[in-house]
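Good morning, and thank you for making time for this presentation. I would ask you to keep the sequence and the structure in view while I speak.

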Amino acid sequence: MYKDILVSIDLGDTDNEKKTLETAIDYARTFGSRLHIMTVVPDYGMSIVGGFFPQGHEQEAIEHTNKALHEFTKEHVPAEIKHRHIVGHGSIYREILHYADVTKADLVVLSAKRPGPEDYLIGPNAARVVRHATISVLVVR
């Protein structure tokens with residue numbers, strides 16, 4: 001049913017993301033799917049903010065994040081599960097939606113995040129992905 005599954009991981013909250021990844025792995029086993037495991041390095045949004053950081057800081061952050069993502073998956077993704085790594089850069093929900101298109105994913109799996117009262121049931125990025133995705137989205141609590 002699902003050939004390609006995009007799973008978004010927040011490496012800043014790996015304890016809670018393990019359940020999200022386990023859920024995606026279960027789906028991949030069941031359907032023989034390939035996982036596209038991604039994380040996003042947020043941009044600064046305003047060029048004036050970026051000016052306070054040394055030149056090349058964002059590229060270093062992306063490289064560090066790529067290494068951390070590989071280490072996380074090496075520990076938590078079984079060898080028999082086909083997967084690849086993606087490190088996006090920019091707006092979290094936009095990068096998830098972009099890579100859902102690029103990978104031709106059939107399903108997006110992400111966590112609900114730690115919702116506060118202002119977010120009601122799911123976090124703002126998950127809500128935006130759910131609202132704008134053209135494919136099914138599984139939100140893991």
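I shall begin with the sheet, continue with the helices that lie across it, and end with a group of aromatic rings. Please bear in mind throughout that this is a predicted model.

Let us start with the sheet. It is an open one, built from 5 strands in the order E3-E2-E1-E4-E5, and the pairing is parallel. Which strands stand at the edges? They are E3, residues 83–89, and E5, residues 136–140. Each of these has a single partner strand, so one side of E3 and one side of E5 remain without a neighbour in the sheet. From one strand to the next, the twist averages 25°.

Within the sheet, I would draw your attention to the pairing of E1 with E2. Strand E1 covers residues 4–8 and strand E2 residues 34–41; the two run parallel and are joined by 5 bridges. As an example, valine 7 has isoleucine 37 in E2 as its bridge partner.

Serine 8 is also part of strand E1. Is this residue buried or exposed? Its relative accessible area is 9%, and serine 8 is therefore buried, the cut-off for that term being under 20%. Leaving aside residues up to four places away in sequence, serine 8 touches Glu17, Thr20, Met38, Ile96, Val109 and Leu110.

I turn now to the helices. Helix H3, residues 57–76, lies across E2 and E3, and runs at about 155° to E3. Helix H5, residues 124–132, lies across E5 and strand E4, the latter being residues 107–111; the helix runs at about 160° to E4.

Helix H3 deserves a closer look. With 20 residues at 1.5 Å a residue, H3 should span 28 Å, and the distance between its end C-alpha atoms is 28 Å, which agrees. Which residues of H3 are buried? They are Ile62, Thr65, Leu69, Phe72 and Thr73. Viewed down the helix axis, the buried residues of H3 fall within an arc of 90°, so they line one face of the helix. The general background is familiar: an α-helix has 3.6 residues a turn, so residues three or four places apart point the same way. The cover over the buried residues of H3 includes H1, E2 and E3. On the face turned away from that buried side, H3 carries the exposed residues Glu60, His64, Lys67, Lys74 and Glu75.

Finally, the aromatic rings. There are 3 aromatic pairs in the structure. In one of them, tyrosine 2 and tyrosine 27 form a tilted pair, at 6.1 Å centre to centre and with 45° between the planes. Tyrosine 2 belongs to the segment before E1, and tyrosine 27 to helix H1, residues 14–31; the pair therefore ties together parts that are 25 residues apart in sequence. Tyrosine 2 counts as buried, at 15% relative accessibility, whereas tyrosine 27, at 28%, counts as partly exposed.

Tyrosine 2 also pairs with phenylalanine 31: the ring centres are 5.2 Å apart and the planes stand at 90°, so this pair is edge-to-face. Because phenylalanine 31 lies in helix H1 and tyrosine 2 in the segment before E1, this pair ties together parts that are 29 residues apart in sequence. Phenylalanine 31 has a relative accessibility of 30% and counts as partly exposed. Taken together, ring pairs link Tyr2, Tyr27 and Phe31 into a cluster.

Thank you for your attention.

Key: Residues numbered from 1 in each chain as written. Predicted model: local features only at pLDDT ≥ 70, side-chain atom pairs only at ≥ 80, totals over all residues. Heavy atoms only, no water. Pairing = 2+ DSSP bridges. Helix = DSSP H or I, 4+ residues; strand = E, 2+ residues; numbered from the N terminus. Axes fitted to C-alpha atoms, helices over the stretch in contact; angles between N-to-C directions. Contact = heavy atoms within 4.5 Å. Phe/Tyr/Trp six-rings, centres within 6.5 Å; stacked < 30°, edge-to-face > 60°. Buried < 20%, exposed > 50% of the residue type's maximum accessible area, 1.4 Å probe, protein only. Expected span 1.5 Å × (residues − 1). Arc of directions from axis to C-beta.
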